[in-house]
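Good morning, and thank you for the opportunity to speak. I would ask everyone to look at the structure on the screen while I go through its main features.

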Amino acid sequence: MLQNHRKLQLTESQRDGMRRAGRFNSQLMDYLRPHIVAGISTLEIDQLVHEYTLRHKHQPATLGYHGYSKSCCTSVNEVICHGIPCPYVLQNGDIINVDITSIVDGWHGDQSETFMIGDVSEHARAVTQCAFDAMHRAIAALEPGCTVSVIGDNVVAEATARGFSVVREYVGHGLGKRFHQYPNIPHVADRQSRQERLLPGMCFTVEPMINVGTRFTKLDSKDGWTVRTRDGKLSAQFEHTVLMREDGPEILTQCPNGPARGHRF
Ligand code: MF3
Ligand code: CO
Ligand code: CO
């Protein structure tokens, strides 16, 4: 069943609310960037996120979200997503995805980047580059009124061309006053995404998770959050929040100092 999209099509002042949330979130990512180096623990990264957000009088959206107890997700190496900040200290050769979501005056900005720590393997660099390129290729392909499946089709084309796989169990999402809302944004197109359309005024994330090996995942049964590759091989992810406008997509979480489309890692 296609849903009624009307309340998801934001007015100009609501769009400005989303722009402010995306801008703040991207400034937080720029603030973090120089700290993401060998020797910092993922818990310390979380503390930086928490302090910066509260200092600016905003809220980390993950804190208390369905019982999640931290202000960001830190997913190292074979962790696909939802890694919980902990005392683990980043080492030369690691890759780490840092995923941050802020609530600014009730609106959400959601983004992530994968960082390479020191000298990384060729596989680590290639999968990081692929996740970044797949995200930007999918966003660049969007047009007002296009089907959601444009995203999955472009992500899959980029990943398969490089011999990598695309995670299916975890998807992008609509967002606004709520963190996760309609529509689902799968990174592998399915029947539903071939029918649903991205209309002007809708906000959603594009956040492909790309694996070096198998696409299959394994949820940590002890903490109930951490998602790993089933074969233990590397996974990388990037995420932006996007507003569909009457004239095409606008990325709301582009960092002034961060990598932009076309960047080579
Ligand atoms: N930020 C993640 C996303 O992109 C969601 C994290 S929810 C958490 O949708 F509870 F795991 F933090
Ligand atoms: Co998201
Ligand atoms: Co996110």
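Which residues lie nearest the centre of the largest pocket? They are His82, Asp99, Phe179, His180 and Glu207, out of 25 residues that line this pocket. Before I continue, please note that we are looking at a predicted model.

The largest pocket holds about 390 Å³ of space. Strands β2, residues 73-76, β4, and β7, residues 172-174, each give two or more residues to its lining. Of these, β4 supplies the largest share, with three residues. By character, the lining of the largest pocket divides into nine nonpolar, eleven polar and five charged residues.

Let us turn to the ligand. Ligand 1 is surrounded by 14 residues, and the closest of them are Asp99, His173, His180, Glu207 and Glu239. Some of you may recognise Asp99, His180 and Glu207, which I have just named among the residues nearest the centre of the largest pocket. I would point out three polar contacts. His173 has a polar side-chain atom 3.0 Å from an oxygen atom of ligand 1. In the side chain of Asp110, an N or O atom is 3.1 Å from an oxygen atom of the ligand. For Thr101, the partner is a nitrogen atom of ligand 1, and the distance to a polar side-chain atom is 3.4 Å.

I now come to a hairpin. Strand β4 covers residues 95-104, and it runs antiparallel to β5, to which ten bridges join it. One of the residue pairs is Ser102 with Gly109 in β5. Strand β5 itself, residues 107-116, is mostly covered, since nine of its ten residues are buried.

Two residues separate the strands of this hairpin, and there Asp105 takes a positive phi near 50°. Most residues other than glycine have a negative phi, and most peptide bonds are trans. Asp105 therefore deserves a remark: it is exposed, with a relative accessible area of 58%. A second residue of this kind is His66, whose phi is also positive, near 50°. His66 sits in the loop between β1, residues 59-60, and β2, and at 66% relative accessibility it counts as exposed. As for peptide bonds, the one from Tyr182 to Pro183 is cis, with omega near 0°. Pro183 belongs to strand β8, residues 181-185.

What does a search for enclosed space find? Rolling a probe the size of a water molecule over the atoms shows where empty space is left. Across the whole structure, one cavity of 30 Å³ or more is found, and about 60 Å³ of space lies in the largest cavity. Its lining includes Gln111, Ser112 and Glu113, together with Phe132, Met135 and Glu239. Strand β5 gives the largest share, three residues, while β5 and α3, residues 122-140, each supply at least two. The lining of this cavity divides into five nonpolar, four polar and two charged residues.

Finally, there is an open sheet of three strands, in the order β6-β10-β13, with antiparallel pairing. At its edges are β6, residues 165-166, and β13, residues 235-237, each of which pairs on one side only. Two bridges link β6 to β10, residues 209-211, and Val166 stands opposite Ile210 in β10.

To close, I return to one residue: Glu239 is among the closest to ligand 1, and Glu239 also lines the largest cavity. Thank you for your attention.

How values were computed: Residues are numbered from 1 along each chain as its sequence is written. Chains are lettered from A and ligands numbered from 1 in the order in which they are written. This is a predicted model: local features need pLDDT of at least 70, side-chain atom pairs count only at pLDDT 80 or more; totals for chains, interfaces and linings use all residues. Side-chain values use heavy atoms; hydrogens and water are left out. Buried means under 20% relative accessible area, exposed over 50%, partly exposed in between (1.4 Å probe, protein chains only). Helices (H or I, at least four residues) and strands (E, at least two) are DSSP runs, numbered from the N terminus. Two strands pair if DSSP finds at least two bridges between them. On a 1 Å grid over the protein atoms alone, a cavity is a set of points where a 1.4 Å probe fits but cannot get out, and a pocket is an open set with protein on both sides within 12 Å along at least five of seven lines; lining residues have an atom within 4 Å of a point. Grid points are joined across faces, edges and corners, and a volume is the space filled by probe spheres set on the points. Ala, Val, Leu, Ile, Met, Phe, Trp, Tyr, Cys and Pro count as nonpolar, Asp, Glu, Lys and Arg as charged, and the others, Gly among them, as polar. A residue is near a molecule or strand if one of its heavy atoms lies within 4 Å of it. A polar contact is a pair of N or O atoms within 3.5 Å; within protein, one must be able to donate a hydrogen and the other to accept it, and residues adjacent in sequence count only if both atoms are side-chain atoms.
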